Amino acid sequence: MKKVILFLFTSMFILACSSDDNNTDDDVGGSLLSSRLGVWEGTGTQPGLSWTIKITLNSGEQLIEYPSLGCGGILTLVSESSTELLFRETITVQTTCFDQGFVKLTATSATTMDYDWYYPDAANEVGELGATGTVTKTQ
């Protein structure tokens, strides 16, 4: 009798622990990226220079354009928190723009984000701040 009860208890425990193991962060949704999908436009600045920014965040590839500089590329998500998205930027169009920098977008409201661009450091991680700006959701 004790063996049957132990077997039933063990079986119920295993089923309870494994019944919802298929949930992943991707399934949950509610991430900052998923809440910010769309087109974001604004202006970036660095000492002596300003330019336009267009960022397209969608459920697949993330894109960045600098229309006034004539360059752009792909953003690869590096990390995400409840308020910040950090991307690695790979310039693929007109390569005179600095390649392999980091773009940090910080949510400031439902329709605006701060834009910070960082040079890579010697270890190819986030280094010195190179530019700042603000983008607003347009689509």
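A salt bridge here is a side-chain nitrogen of Lys or Arg within 4 Å of a carboxyl oxygen of Asp or Glu. Keep that in mind for the close-ups below, which come from a predicted model.

**Close-up 1. Glutamate 84 and lysine 104 form a salt bridge.** Their side chains meet with 3.8 Å from N to O, which means the pair falls inside the 4 Å cut-off. By this rule, the count for the model comes to one salt bridge. Glutamate 84 sits in strand 5 (residues 84-93) and lysine 104 in strand 6 (residues 102-107), so the contact ties together parts that are 20 residues apart in sequence.

**Close-up 2. How buried or exposed are the two partners?** Glutamate 84 has a relative accessible area of 30%, so it is partly exposed. Lysine 104 comes in at 19% relative accessibility and therefore counts as buried, because the cut-off for buried is under 20%.

**Close-up 3. The largest pocket holds about 240 Å³ of space.** Its lining is made up of 14 residues, and the closest to the pocket's centre are Gln46, Trp51, Leu69, Cys97 and Phe98. Sorted by kind, the lining residues split into eleven nonpolar, two polar and one charged.

**Close-up 4. Which strands help line the largest pocket?** Strand 2 (49-57), strand 5, strand 7 (112-120) and strand 8 (126-137) each bring at least two residues to the lining. Strand 7 gives the most, with three residues. Strand 5 may look familiar: glutamate 84, from the salt bridge, lies in this strand too.

Note on methods. Residues numbered from 1 in each chain as written. Predicted model: local features only at pLDDT ≥ 70, side-chain atom pairs only at ≥ 80, totals over all residues. Heavy atoms only, no water. Helix = DSSP H or I, 4+ residues; strand = E, 2+ residues; numbered from the N terminus. Buried < 20%, exposed > 50% of the residue type's maximum accessible area, 1.4 Å probe, protein only. 1 Å grid on protein atoms, 1.4 Å probe; cavity = no way out; pocket = protein on both sides within 12 Å on 5 of 7 lines; lining within 4 Å. Points joined across faces, edges and corners; volume = space filled by probe spheres on them. Nonpolar A, V, L, I, M, F, W, Y, C, P; charged D, E, K, R; others polar.
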